[in-house]
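Subject: Handing over a structure, with notes

Dear colleague,

I am passing a structure on to you, and I would be grateful if you could look through it alongside the notes that follow.

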Amino acid sequence: MTLQQVPWAVIPDARLPLAGRRALVTGAAGGIGAAVARELASRGAELVLADLDGARAEALADELRAGPSGPGTRAWAVDLGDTARLTDERLAGMLGDVDILVNNAGVQHISPIEDFDPAEFRRILSIMLEAPFLLVRAALPGMYSRGFGRIINVSSVHGVRASAFKSAYVTAKHGLEGFSKATALEAAPHGVTSVCVNPGYVRTPLVERQLAQQAEAHGVSVEEVLERILLADAAIKRLVEPHEVASLVAWLASDDAAMATGSSYLLDGGWSAH
């Protein structure tokens, strides 16, 4: 059969390289997660949008259903910190047909170690380390059976560098890095990759609120806080934009990234180059 004789329905659309793939993004209702969801949807992936804020996730799902991702995109209201409720049966129903898993959900708490509430420490590790383990565990059997899978863990520059007063966050991100590498080694024979994406400070509502609060507390401008505190060690003195993270995630989800596994991809403006 010549190319001219092949039915158009079976010729891949280069504009939609992720058509036919299903992706699950956690923390999808805003910030990096929403940018990732929109980028994957623009490339044809069908989305499951997992977020604690079910209403915002549903609103984004409504937006994406009108685009290339199609009517199958749906929201999943879930508290990833309540890991006891993430049972095998519940997760199998959400992740059995997922080809691309983006573990993005995260929280932050700043405190000296001696004052850090142990319950808050456990909560952060539950959301940012135990939940990704449970989601990966549920997704792998289906990925193995189909011979394809992309596990993309949104880590942080704090996955390779530490900062004071962020002990739980740094611990969770360092743990995620190790888990991602172990997953990569186990999953490689089955066509499944596992990587980390490590942005520096990203322009999200959470970071912008932190900038405003620190500027007010120190009596300086937001620009001064940005350059002298948040970006003191970065070579490029600006925040990472969410769409920049999303673009990298989309490439890592593609067929072209089949050899990208067990790796961490820093997007930190040179922060970690010191």
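Which elements are included in what covers the buried residues of helix 3? Before answering, I should say that this is a predicted model, and that helix 3 spans residues 88–95, with Leu-91, Met-94 and Leu-95 among its residues being buried. Seen down the axis of helix 3, these buried residues fall within an arc of 80 degrees, and so they line one face of the helix. The spacing fits a general rule: an α-helix has 3.6 residues a turn, so residues three or four places apart point the same way. The cover over the buried residues includes strand 1, strand 2, strand 3 (74–77), strand 4 and helix 4, while the face of helix 3 turned away from the buried side carries Glu-89 and Gly-93, which are exposed.

Next, the nonpolar cores. The largest nonpolar core has 36 residues, and those with the most contacts inside it are Val-36, Leu-40, Leu-47, Leu-49, Val-102 and Ile-152. At least two residues of this core come from each of strand 1 (22–26), helix 1, strand 2, helix 2 (54–65), strand 4 (100–103), strand 5 (149–154), strand 6 (192–199) and helix 8 (242–252), and helix 1 gives the most, with seven residues. Apart from this core lies another, of 25 residues, which include Ala-50, Val-78, Leu-86 and Val-192.

Two residues help to show how distant parts of the chain come together. Leaving aside its neighbours within four places in sequence, Val-102 is in contact with Leu-24, Val-25, Thr-26, Val-36, Leu-40, Ile-152, Val-154 and Val-249. The last of these, Val-249, lies in helix 8 and has a relative accessible area of 0%, so Val-249 is buried. With neighbours within four places in sequence again left aside, Val-249 is in contact with Val-36, Val-102, Ile-152 and Val-197. The C-alpha atoms of Val-249 and Ala-37 are separated by 9.9 Å, although these two residues stand 212 residues apart along the chain.

I turn now to the spaces in the model. The largest pocket has a volume of about 1,100 Å³, and 42 residues line it, of which Asn-104, Ala-105, Gly-106, Val-107 and Leu-206 lie nearest its centre. Helix 1 (31–42), strand 2 (46–51), helix 4 (118–146), helix 5 (167–187) and helix 6 (205–218) each supply at least two residues of this pocket's lining, and the largest share, five residues, comes from helix 6. By class, the lining of the largest pocket has 20 nonpolar, 14 polar and eight charged residues.

The structure also holds one cavity of 30 Å³ or more, and the volume of the largest cavity is about 70 Å³. The largest cavity is lined by 13 residues, of which Asn-103, Asn-104, Ala-105, Ile-127 and Pro-132 are the closest to its centre. Helix 4 and helix 5 are the elements that give two or more residues to this lining, with the largest share, five residues, coming from helix 4. By class, the lining of the largest cavity divides into nine nonpolar residues, three polar and one charged.

With best wishes

Methods: Residues numbered from 1 in each chain as written. Predicted model: local features only at pLDDT ≥ 70, side-chain atom pairs only at ≥ 80, totals over all residues. Heavy atoms only, no water. 1 Å grid on protein atoms, 1.4 Å probe; cavity = no way out; pocket = protein on both sides within 12 Å on 5 of 7 lines; lining within 4 Å. Points joined across faces, edges and corners; volume = space filled by probe spheres on them. Helix = DSSP H or I, 4+ residues; strand = E, 2+ residues; numbered from the N terminus. Nonpolar A, V, L, I, M, F, W, Y, C, P; charged D, E, K, R; others polar. Core = buried A, V, L, I, M, F, W, Y, C linked by side-chain atoms within 4.5 Å. Buried < 20%, exposed > 50% of the residue type's maximum accessible area, 1.4 Å probe, protein only. Contact = heavy atoms within 4.5 Å. Arc of directions from axis to C-beta.
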